[in-house]
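Please look through the sequence and the three-dimensional structure below before reading on. The paragraphs that follow lead you through a few of its regions, one after another.

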Amino acid sequence: MKNILDETAPLWGVCPFCEIKDNLIDCRAKSRLPLNSRSVIMFAFPYLLEDEYYKDSNISKYSVPADYHPIVFSRLNSAVEKLRIQYPDEEFEFFADNSPIPEVRAACIAGIGTIGKNSLLITEKFGSFVFLGEIVTTLALASSGGELTECIHCGRCEKACPGNAIRDGKIDREKCLSHITQKKGELSGEEKKMILESGCLWGCDICQNVCPLNKKAQKTDIDEFRETAVGRVRSDTPIEGRAYAWRGEKVIRRNIGLQEEE
Ligand code: B12
């Protein structure tokens with residue numbers, strides 16, 4: 001089993017299902033959770049690229065590669081297919097992002113990293129620049145971590161957040177610039193100003209960029225992220241297969257319009 005998990009992602013660990021069963025996120029994917037789930041195998045997929053990829057960028061780092069969902073799903077699916085052969089009597093289901101699993105919390109309990117005040121999982125090797133994904137199974141596996149652990153509380157993310165969205169390790173979604181860039185509809189004058197001042201038209205990296213635990217974050221070894229990188233979006237940039245496609249064309253085009261109007 002270790003070989004299969006090692007091939008899937010450079011960091012993984014096990015969180016007992018009972019540790020997160022009271023914190024499940026309500027979503028449609030919840031119905032896919034196996035009955036009698038016992039373990040959650042959490043994976044971290046690093047996505048940080050070399051500086052040159054971000055030099056002229058006007059979007060957040062996570063959205064520079066192609067949409068991570070299919071890339072992560074393909075790795076998780078391949079692991080699940082092998083695990084189903086190895087353990088025919090057990091059930092395995094995979095999820096990422098659109099998941100009932102509170103991924104940051106589960107990854108922390110699995111021992112993959114610590115929880116930052118910015119609410120993100122920070123790993124020792126890749127910092128917080130990782131995507132999370134998981135396999136939920138009926139197989140009983142030993143926990144690889146234990147307690148929830150917290151970052152060093154330097155407060156830099158709180159101070160740097162342009163919307164003052166970070167308070168006591170909780171994010172006020174409505175004030176989070178990442179959320180503002182992704183929400184549908186008309187933006188207020190203040191919201192438009194925040195986007196323009198940040199220079200980032202999709203997502204936000206400010207709370208991660210100022211984090212001292214990200215200073216030595218290693219670059220990804222997942223080539224698909226590098227090969228598909230597009231750092232700058234313009235009005236004629238195709239959106240298919242990109243992170244900014246999921247809210248529909250209007251939202252990213254609205255944000256690009258703000259920069260082009262200047
Ligand atoms: C909704 C959502 C958002 C929303 C709201 C974010 C939020 N923090 O609430 C918005 C759109 C704003 C957002 C933005 C981003 N997101 Co987002 N998001 C999610 C999603 C789908 C659900 C989050 C959620 O509701 N969690 C559940 C509730 C229960 O969490 P919570 O109440 O906030 O509890 C947290 C803290 O209170 C803390 N906590 C709770 N109890 C305790 C106890 C102790 C002792 C401690 C220490 C901590 C602690 O831990 C919890 C986990 O963070 C997850 C995927 C998932 N299924 O988990 C991705 C996810 C968290 N997002 C991710 C990413 C990459 C981002 C962005 C960086 C993208 C970008 N560059 O713009 C930003 C970061 C903004 C930020 N600082 O959070 C990644 C994070 C990877 C990582 N390293 O942690 C995830 C895991 C998706 C993925 N599969 O990779 N996101």
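A loop is a convenient place to begin, and the one between β4 (114–115) and β5 (121–122) contains Ser 119. This is a predicted model, and in it Ser 119 has a positive phi of about 75° although it is not a glycine. Is this residue buried, exposed or partly exposed? With a relative accessible area of 25%, Ser 119 is partly exposed, because buried would require a value under 20% and exposed a value over 50%.

Another positive phi, near 50°, belongs to Asn 164, which is likewise a residue other than glycine. Asn 164 sits in the loop that runs between α4 (156–160) and β7 (166–167), and its relative accessibility of 42% makes it count as partly exposed.

From these loops we can turn to the interior. In soluble globular proteins, nonpolar side chains tend to be buried together. Here the largest nonpolar core has 46 residues, and those with the most contacts inside it are Phe 43, Phe 45, Ile 135, Trp 202 and Phe 225. The elements that give two or more residues to this core are the helices α1 (2–8), α2 (68–86), α5 (177–182), α6 (189–198) and α9 (249–261), together with the strands β2 (39–46), β3 (92–95) and β6 (130–137). Which of the elements gives the most to this core? It is α2, with 7 residues.

To see how one member of this core is surrounded, take Phe 225, and leave aside its neighbours within four places in sequence: Phe 225 is then in contact with Pro 46, Tyr 47, Leu 49, Pro 65, Tyr 68, Ile 71, Phe 131 and Thr 220. Apart from the largest core lies another core, made up of 21 residues, among them Cys 15, Phe 17, Val 40 and Ile 109.

The last stop is the ligand, which has 34 residues around it, and of these Glu 103, Arg 105, Leu 121, Glu 150 and Ser 178 come nearest. In the side chain of Glu 103, an N or O atom is 2.7 Å from a nitrogen atom of the ligand, while a polar backbone atom of Leu 121 is 2.7 Å from an oxygen atom of the ligand. Leu 132 also takes part through its backbone, where an N or O atom lies 2.8 Å from a nitrogen atom of the ligand. The elements that give two or more residues to the shell around the ligand are α3 (103–109), β6, β8 (170–171), α5 and α7 (206–209). Sorted by class, this shell has 16 nonpolar, 11 polar and 7 charged residues.

Methods:
Residues are numbered from 1 along each chain as its sequence is written. This is a predicted model: local features need pLDDT of at least 70, side-chain atom pairs count only at pLDDT 80 or more; totals for chains, interfaces and linings use all residues. Side-chain values use heavy atoms; hydrogens and water are left out. A nonpolar core is a set of buried Ala, Val, Leu, Ile, Met, Phe, Trp, Tyr and Cys residues joined through side-chain atoms within 4.5 Å. Buried means under 20% relative accessible area, exposed over 50%, partly exposed in between (1.4 Å probe, protein chains only). Helices (H or I, at least four residues) and strands (E, at least two) are DSSP runs, numbered from the N terminus. Contact means heavy atoms within 4.5 Å. A residue is near a molecule or strand if one of its heavy atoms lies within 4 Å of it. A polar contact is a pair of N or O atoms within 3.5 Å; within protein, one must be able to donate a hydrogen and the other to accept it, and residues adjacent in sequence count only if both atoms are side-chain atoms. Ala, Val, Leu, Ile, Met, Phe, Trp, Tyr, Cys and Pro count as nonpolar, Asp, Glu, Lys and Arg as charged, and the others, Gly among them, as polar.
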